[in-house]
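User: Please take a close look at one helix and what packs around it. I would like a connected account, from a single side chain outwards.

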Amino acid sequence: MVNYKFKLDNSCVIKGRQDLLIKFNCPYPEKLLQDKSLVGLKGKELENALKKPFFVLRNLLVTIEYESDSYNFIIPKGYSWNGANVPFFAWLTIGQQKDPRFKLASCVHDYLCENKEVIGNNRYLSTLIFETLCEYFGRFNAFKRWAMFHSVDNWQKFQGWKKCK
């Protein structure tokens, strides 16, 4: 089970498997994530909002500590992403792409997939981060986390991301 702690400096720390620590610069990072309103949007703007319906309200500082390494990065205000890429056939088992329980995990993971260098191109670490955030913020059971972990890791392999463990 993941441990979650609030710190006096208004940050939060999440402890995952294999001594992974994920730190955010605010106590409730999920509150910095918003759905885009489609009201009044047309053409390309509407198309883009439907493809990536979520965005970050303000800069989100993330610190990852894993295996004696520390990684710091900022997911910038306005960053948008599409949610979890769950194929239709897996919706009953895992959940739907825009399920709000995926919101923080998919935000951080999508940012890492687009900016692999911020965690030293470590595919395994990105998958572990996704799993940890799904456990705490999504409250997914062990079977779903296992299925997600292996699905995400295999998709990243298919995309050519090397394992750096």
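Analyst:
**A buried histidine and the helix beside it**

H109 has a relative accessible area of 9%, so it counts as buried. The model is predicted. H109 belongs to helix α2. Setting aside neighbours within four places in sequence, H109 is in contact with S126, F130, V152 and Q156.

Now take helix α3, residues 123-138. Its enclosure is plain: 16 of the 16 residues of α3 are buried, so the helix is largely enclosed by the rest of the structure. One of its buried residues can be checked by number. C134 has 0% relative accessibility and therefore counts as buried, as the limit is under 20%.

The length of α3 also holds up. At 1.5 Å a residue, its 16 residues should span 22 Å. The end C-alpha atoms are 21 Å apart, which agrees.

Both ends have a local feature. At the N-terminal end, N122 acts as the cap of α3. A side-chain oxygen of N122 lies 3.2 Å from the backbone nitrogen of Y124. Just after α3 comes R139, with a positive phi of about 55°.

Next, the core. The largest nonpolar core has 43 residues, and F24, F73, I75 and L133 touch the most other members. At least two residues each come from β2, β3, β5 (54-56), β6, β7 (69-75), α2 (103-114), α3 and α4 (142-158). Helix α3 gives the most to this core, with nine residues.

L133 deserves its own list. Not counting residues up to four places away in sequence, L133 touches I14, I22, F24, L104, A105, V108 and G138. Two of these names, I22 and F24, lead to strand β3, residues 21-24.

In β3 the side chains alternate. I22 and F24 point to one face and are buried. L21 and K23 point to the other face and are not buried. This fits a general rule: in a regular strand, side chains alternate between the two faces of the sheet.

Strand β3 has two partners to describe here. With strand β2 (residues 12-15), β3 pairs in the antiparallel sense over four bridges. One bridge partner in this pairing is L21 of β3, matched with K15. β2 and β3 form a hairpin with five residues between them. Q18 sits in the turn and has a positive phi of about 55°.

With strand β6 (residues 60-66), the pairing of β3 is again antiparallel, over four bridges. There, K23 stands opposite T63 in β6.

Elsewhere lies another sheet. Three strands make an open sheet in the order β4-β5-β8, with antiparallel pairing. Its edge strands are β4 (33-35) and β8 (80-81), each pairing on one side only. β5 and β8 run antiparallel and are joined by two bridges. F54 stands opposite W81 in β8.

Last, the cysteines. A disulfide is a covalent bond between the sulfur atoms of two cysteines. A search of the whole structure finds zero disulfides. C26 is in none; the nearest cysteine sulfur is that of C12, 6.4 Å away. The cut-off is within 2.5 Å, so this pair does not qualify. C26 is at 5% relative accessibility and so counts as buried.

Notes: Residues are numbered from 1 along each chain as its sequence is written. This is a predicted model: local features need pLDDT of at least 70, side-chain atom pairs count only at pLDDT 80 or more; totals for chains, interfaces and linings use all residues. Side-chain values use heavy atoms; hydrogens and water are left out. Buried means under 20% relative accessible area, exposed over 50%, partly exposed in between (1.4 Å probe, protein chains only). The expected span of a helix is 1.5 Å times one less than its number of residues. A polar contact is a pair of N or O atoms within 3.5 Å; within protein, one must be able to donate a hydrogen and the other to accept it, and residues adjacent in sequence count only if both atoms are side-chain atoms. Two strands pair if DSSP finds at least two bridges between them. A nonpolar core is a set of buried Ala, Val, Leu, Ile, Met, Phe, Trp, Tyr and Cys residues joined through side-chain atoms within 4.5 Å. Contact means heavy atoms within 4.5 Å.
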